[in-house]
Amino acid sequence: MRWLLKVVNATAIADETTRAMAAEGVNASDISDNELRIALTAADLGFETSVVGSTDNVPTHPGYEGTAHLDAVSTLVGAADVALDAALDCERYC
């Protein structure tokens, strides 16, 4: 009787493995299809592909220049913070 259960289990495991592999194949096909659809839609809308971080082919608007413009602002904020700290320290200790 145990050998029959082992055979039934082995068959069930093989069937599940086959189903899982088929599902993975469908998912891979869907992912590839979606990547193509996204790329074509982005091109139709005037977007360009670029590299963002380590991800290649990311649609970005042609006018997008990243966040470099924020660097100057954050530097100004940092400088203002240092100046405020200096003024407060002078008020206390000068």
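The following legends describe close-up views of a predicted model.

**Figure 1. Overall arrangement of secondary structure in the predicted protein**. Two helices and two strands make up the secondary structure of the protein. Read from the N terminus, these elements follow the order α-β-β-α. Helix H1 covers residues 2–44, strand S1 covers 48–52, strand S2 covers residues 55–60, and helix H2 covers residues 68–93.

**Figure 2. Confidence of the prediction along the chain**. Averaged over the protein, pLDDT is 76, and 77% of the residues reach 70 or more. Among the elements, strand S2 (residues 55–60) has the lowest confidence, with a mean of 72. Helix H2 has the highest, at 80.

**Figure 3. Surface of the protein**. The protein exposes about 8200 Å², of which carbon and sulfur atoms supply 63%. Of its 94 residues, 2% count as buried.

**Figure 4. The salt bridge between Glu-16 and Arg-19 in helix H1**. This pair is one of two salt bridges in the structure. The closest N and O atoms of Glu-16 and Arg-19 are 3.0 Å apart. Both residues belong to helix H1 (residues 2–44), where a spacing of three residues places them about one turn of the helix apart. Glu-16 has a relative accessible area of 44% and is therefore partly exposed, a class that lies between the cut-offs of 20% and 50%.

**Figure 5. The salt bridge between Arg-92 and Asp-89 in helix H2**. The closest N and O atoms of Arg-92 and Asp-89 are 3.8 Å apart, which satisfies the criterion of within 4 Å. Because Arg-92 and Asp-89 are three residues apart in helix H2 (residues 68–93), about one helical turn separates them. The partners fall into separate accessibility classes. Arg-92 is exposed, at a relative accessible area of 58%, whereas Asp-89, at 38%, is partly exposed.

**Figure 6. Phe-47 in the loop between helix H1 and strand S1, shown with Pro-59**. Phe-47 is located in the loop that lies between H1 and strand S1 (48–52). With a relative accessibility of 31%, Phe-47 counts as partly exposed. Pro-59 is twelve residues from Phe-47 in sequence. In space, the C-alpha atoms of Phe-47 and Pro-59 are 5.7 Å apart.

Technical notes
Residues are numbered from 1 along each chain as its sequence is written. This is a predicted model: local features need pLDDT of at least 70, side-chain atom pairs count only at pLDDT 80 or more; totals for chains, interfaces and linings use all residues. Side-chain values use heavy atoms; hydrogens and water are left out. A salt bridge is a side-chain nitrogen of Lys or Arg within 4 Å of a carboxyl oxygen of Asp or Glu. Helices (H or I, at least four residues) and strands (E, at least two) are DSSP runs, numbered from the N terminus. Buried means under 20% relative accessible area, exposed over 50%, partly exposed in between (1.4 Å probe, protein chains only). pLDDT is the predictor's confidence in each residue, from 0 to 100. Accessible areas come from the Shrake-Rupley method with a 1.4 Å probe; for residues, only the protein chains shown count as cover.
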